[in-house]
Amino acid sequence: MQWQLPSGKQAAYLKLISLISQSIENGDLLPGDHLPPERELSLQLGINRSTIQHAFNELVSRGILVRKVGSGTWVNSGKWGVLSQGVNWQSYMTTGRLGDPENFMIRLRNLEHEKDVINLAHSSIDTDLSLPVDLTDMTARDLVTQEASTAISGALDLKHQLSKHLSPFLHQSIPASQILITSGAQQAFYLITQGLLSYGDAIAIEEPSYFYQLSLFQAAGIRVFGIPLKENGGLDLDVLEQLYYKHHLRFLFVNPTGQNPTTETMPLKDRQELIERCQQLNLPIVEDDPLGLTNAIMNDQVTTLKQLDPSNVLYIGSFSSLSGESTRIGWLIAPPAIVNRLAEIRQQMEAGISIFPQLVSSQLLKQNNLTELVDRQMRLLKKVNSDC
C-alpha cells in the first residue's frame with residue numbers, strides 16, 4: 001500500500017491512525033499483514049518515531065494491531081480485532097484476568113481426547129468406574145417437592161448422609177448447620193475467594209499445587225505464594241512463617257492426603273507441626289480432601305487437619321472419587337456463620353444449586369452395600385493402574 005498521511009489539521013498520530021484504519025477497511029491492509037518498521041515508516045512519512053509509536057500503541061490497545069517481540073507490528077489476524085467501527089470486543093477479551101494467550105487450556109483439553117493420554121491433574125474417575133445409583137423410587141413430584149423445601153445451603157437429607165459418614169471419620173460431630181453443599185469442590189474454593197477474601201489479599205498454597213485452583217485465585221485478584229513441599233509431603237514451615245509476616249497471609253490452602261500433583265500424603269508428625277505453627281500465627285487453613293469420603297466409607301484411619309484443629313480448619317470434599325463428574329457435588333464444612341454467608345453470596349449470584357444431583361448423591365450414600373461397591377471400585381482402579 002502507499003503510505004501517505006491524509007490532509008487536515010489533526011495531529012500526526014491521529015492521521016496515521018486514520019490511515020491504517022481506513023486501509024484495513026478498504027482491504028489495502030489485510031489481517032496478518034506486517035507493517036513497516038517504525039524507523040522506516042518515520043522516514044517515509046516525515047514524522048518522529050515517537051509519533052509512530054503513539055499511533056501504534058493506540059491501535060494495539062484497540063486490538064487492531066498486535067506486536068510480536070522480535071518481529072515487529074502486524075495487523076491483527078483475529079476477525080474482531082480488525083474492525084475499526086462499532087464496539088471493539090477484542091480489546092475486552094484481552095483484558096480479562098483469566099485470559100489465556102498461549103491457549104494452554106485448549107491444548108490441554110485437546111490432549112485429553114487423544115488415545116492413551118491420561119490427565120493426571122483430575123481427581124475424578126471415569127464414568128465407567130463410577131458407583132451405580134438406584135433411582136427407581138424417585139419421581140418427578142419428589143424432585144419438585146425437594147426443590148421447593150431445600151435450603152440455600154443445600155438439601156437437608158444429603159447433609160444428614162454426609163454427617164453420618166464424615167462425623168466418625170473426622171472424630172467430631174458435624175451438624176447440618178456446618179455443611180454447605182456446593183457444585184463440586186471448585187465452587188467451594190470460588191465462594192471462599194468471593195466471601196472471605198478481598199482483592200489483593202495474599203494466600204499460601206503448596207508448591208507444586210493443583211493446577212485448576214490457580215485460575216480461581218487469579219480471577220479474584222488474590223496474590224498467591226507457594227510453600228515448598230518436602231520430599232515426604234510436609235510443608236516448609238519456616239518459609240510459611242516468613243511469607244506470613246512479609247505478605248500478611250490470610251489463608252493456607254493445602255491438600256495433605258494424596259496431594260495433587262505429587263500424590264504424597266503428609267505424615268502425621270508434619271500435620272501436627274503444621275497445625276501448631278498455624279495456631280501460633282492465627283492463620284486459618286482450607287483443607288482440600290478429595291479422597292475424604294472414600295476413606296470415610298472404607299473406615300481408613302487418616303488423621304485429617306480438620307480432626308486436629310476443628311475450629312480453624314475449613315474442610316472441602318467432593319463426590320468426584322466415587323461418582324466422577326456426573327454429580328458435580330461437593331461440600332464445605334465450616335462454622336455455621338461462614339456457611340450462611342457463603343450460601344447467601346451464592347444465592348445473590350445465581351439461583352442456587354440444582355436438587356437433582358443432590359438427590360442422586362444422597363441416594364448413593366444410602367445404599368446398603370455402599371462399602372462393597374466402593375471396595376469393588378477401588379480394586380478396579382488398582383487393576384486399571386497396573387494395566388497402565
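This passage walks through two helices, an aromatic cluster, a cavity and some unusual backbone spots in a predicted model.

Helix 7 is a good place to start. It runs over residues 156–170, and at 1.5 Å a residue its 15 residues should span 21 Å; the end C-alpha atoms turn out to be 20 Å apart, which agrees. That agreement does not make the helix straight, though: there is a kink of about 30 degrees at K164, shortly before the proline P168. Much of the helix is hidden from the surface, with L158, K159, Q161, L162, S163, H165, L166, S167, F169 and L170 buried. A lysine, a glutamine and a histidine thus sit in the buried set alongside leucines and a phenylalanine. Right after helix 7 comes H171, and its phi is positive, near 60 degrees.

Helix 16 makes a handy companion. This one covers residues 355–366, and its twelve residues reach 17 Å from the first C-alpha to the last, close to the 16 Å expected at 1.5 Å a residue. Nine of the twelve residues are buried, so helix 16 is largely enclosed by the rest of the structure. The buried residues are I355, P357, Q358, L359, V360, S361, S362, L364 and L365. Q358 and the two serines S361 and S362 are on that list, next to residues such as L359 and V360.

On to the rings. The count of aromatic pairs comes to five. Take F251 and F253: their ring centres are 5.9 Å apart and their planes meet at 55 degrees; stacked would need under 30 and edge-to-face over 60, so the pair is tilted. Both of these phenylalanines are buried, and together with F189 and F217 they form one aromatic cluster. A ring of another sort of interest is that of W74, which has the charged end of K68 sitting over it, 4.7 Å from the ring centre.

Two members of the cluster turn up again around empty space. The structure holds two cavities of 30 Å³ or more, and the largest has about 60 Å³ of space in it. Its lining includes F189 and F253, along with V254, N255, Q259 and N260. E206, S209, Y210, Q213 and D288 line this cavity as well.

The backbone has a few oddities of its own. Most residues other than glycine have a negative phi, and most peptide bonds are trans. Two cis bonds can be picked out here, each leading into a proline. From E207 to P208 the peptide bond is cis, with omega near 5 degrees; P208 is placed in the loop between strand 4 (202–207) and helix 9 (211–219). The other cis bond joins N260 and P261, with omega about 20 degrees, and P261 is found in the loop between strand 6 (249–254) and helix 11 (268–281). N260, then, belongs to this cis bond and also to the lining of the largest cavity.

The loop that holds P261 also holds T263. T263 has a positive phi of about 70 degrees although it is not a glycine, and at 59% relative accessibility it counts as exposed. On the other side of strand 6, H248 lies in the loop between helix 10 (237–247) and that strand. Phi of H248 is likewise positive, near 55 degrees. With a relative accessible area of 52%, over the 50% cut-off, H248 is exposed too.

How values were computed:
Residues numbered from 1 in each chain as written. Predicted model: local features only at pLDDT ≥ 70, side-chain atom pairs only at ≥ 80, totals over all residues. Heavy atoms only, no water. Helix = DSSP H or I, 4+ residues; strand = E, 2+ residues; numbered from the N terminus. Expected span 1.5 Å × (residues − 1). Bend = angle between axes of the 7 residues up to and from the residue. Buried < 20%, exposed > 50% of the residue type's maximum accessible area, 1.4 Å probe, protein only. Phe/Tyr/Trp six-rings, centres within 6.5 Å; stacked < 30°, edge-to-face > 60°. Lys NZ or Arg CZ within 6 Å of the ring centre and 35° of its normal. 1 Å grid on protein atoms, 1.4 Å probe; cavity = no way out; pocket = protein on both sides within 12 Å on 5 of 7 lines; lining within 4 Å. Points joined across faces, edges and corners; volume = space filled by probe spheres on them.
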